[in-house]
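Please read the numbered points below alongside the sequence and the model. They go from the nonpolar cores to a pair of helices and then to two single residues.

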Amino acid sequence: MLPAPPADGRRAAVLGSPIAHSLSPVLHRAAYAELGLTEWTYGRFDVDEAALPGFFRDLGPEWAGLSLTMPLKRAVIPLLDSVSETAASVDAVNTVVFGADGRRTGDNTDIPGMVAALREHGAEKVESAAVLGAGATASSALAALARICVGEVAVYVRSAERAAEMRGWAERLDVDVRVADWADAAQALHAPLVVATTPAGTTDALAAAVPERPATLFDVLYEPWPTALAARWSAYGGAVVSGLDLLLHQAVLQVEQMTGRAPAPLAAMRTAGEHALANRT
C-alpha cells in the first residue's frame, strides 16, 4: 500500500529492485529544495516487473512522475500512452511523466545525460571511441555516441551472443561498430574516448594497461569510486567522467520534465550527491 499523499504539492519516486542504494531521492529532493518546491516529495519503492502494473493502477492525480531503474526500463513500456523517440531507440524508459490529462509519457534521459556529462568534461565530438561491455548500459552508450562520435566505435565483449546483440544495436542506431574480443580490451584504452559499462571489478585488471597519456574515460560506476581503472587514468592526467556525473545529468532532465522548471539546479544536486556518497564510505 502506498503512503498517504501530502496535503499539497506533487509526488514523484524512483522504482526498481533492488532500490535501497539509489541516490535519486537525494538528488531530486535537493532540486525541490533549491527550486522552492517545499510541498513536493520524492520517494523510493522496491518494485519488480510483476508488481509494476499494480503500482501503476494505484497511482493518483498527485503523481508528477517516476524514475525507473532495473529491471523496469523495458517492462514499463506497455503501461505507457506514448514513448519518446530517444527511449524507443533503445527500448528503455527511465522516466515517466504524468500529464494533466492523465497521459503517461515515457522518455530516456540516460542518453542525453551521457552526452551532457561528456560535454561538461570537454568531450563534445570525438573521432572514435571504445565501449567496454555489452549490457543494457552499453546500448545507451552507443545511442549517446551516435550523437558525438564521427568515426568507428570498438565494442569489447566476452561472448558471441553479446557480439551479435551489439551488432544489432549498431545497425539500429546507425553507428559504425567494430566488435572485438574482451581478451584484447587493453587496446581500447588508447581510444580518444573509452566508455566502461561493466559491473564493479570487471575492469580492475585493465588499470595496469592505461597508457601514459590517456584521453577521456567515462566509467558509468559511482560506487565504489574511484574504480581502479579511473584512479590510474586520473593519475596519468586523463579526463575522467564518473557514474555520478551521468546520474546527475539524467536526473537534471528528469526534474525539468516532472516539475516544468528549468534549468534544474545542477550544482545543488551535485553537492547533495557527493555528500551522500561520502557519508556511505
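1. Contact is used here for heavy atoms within 4.5 Å. Leaving aside its neighbours within four places in sequence, leucine 145 is in contact with Ala129, Val131, Val153 and Leu193. The model is predicted, so local features need pLDDT of at least 70 and side-chain atom pairs count only at pLDDT 80 or more, while totals for chains, interfaces and linings use all residues. Residues are numbered from 1 along each chain as its sequence is written, and side-chain values use heavy atoms, with hydrogens and water left out.

2. The largest nonpolar core (a set of buried Ala, Val, Leu, Ile, Met, Phe, Trp, Tyr and Cys residues joined through side-chain atoms within 4.5 Å) has 35 residues, of which Leu142, Leu145, Val153, Met166, Leu193 and Phe218 touch the most other members. At least two residues of this core come from each of helix H4 (110–120), strand S7 (129–132), helix H5 (136–148), strand S8 (153–157), helix H6 (160–173) and strand S10 (193–196); helices (H or I, at least four residues) and strands (E, at least two) are DSSP runs, numbered from the N terminus. H5 gives the most to this core, with 7 residues. Another core, of 25 residues, lies apart from it, and includes Val97, Leu248, Ala251 and Val255.

3. H5 and H6 pack with their axes 10 Å apart, at an angle of about 30°; axes are lines fitted to C-alpha atoms, for helices over the stretch in contact, and angles run from 0 to 180 degrees between N-to-C directions. The residues that make the contact are Ala138, Ser139, Leu142, Ala143 and Ala146 of H5, together with Met166, Trp169, Ala170 and Leu173 of H6.

4. Is threonine 216 buried or exposed? Threonine 216, which lies in strand S11 (residues 216–219), counts as buried at 11% relative accessibility, where buried means under 20% relative accessible area, exposed over 50% and partly exposed in between (1.4 Å probe, protein chains only). Not counting residues up to four places away in sequence, threonine 216 touches Pro192, Leu193, Val194, Trp233, Ala239 and Val241.

5. Alanine 92 has its place in the loop between helix H3 (85–90) and strand S5 (95–98), and is buried, with a relative accessible area of 13%. Apart from neighbours within four places in sequence, alanine 92 is in contact with Lys73, Ile77, Ala87 and Asn108. Between alanine 92 and valine 252 there are 18 Å in space, C-alpha to C-alpha, the two being 160 residues apart in sequence.
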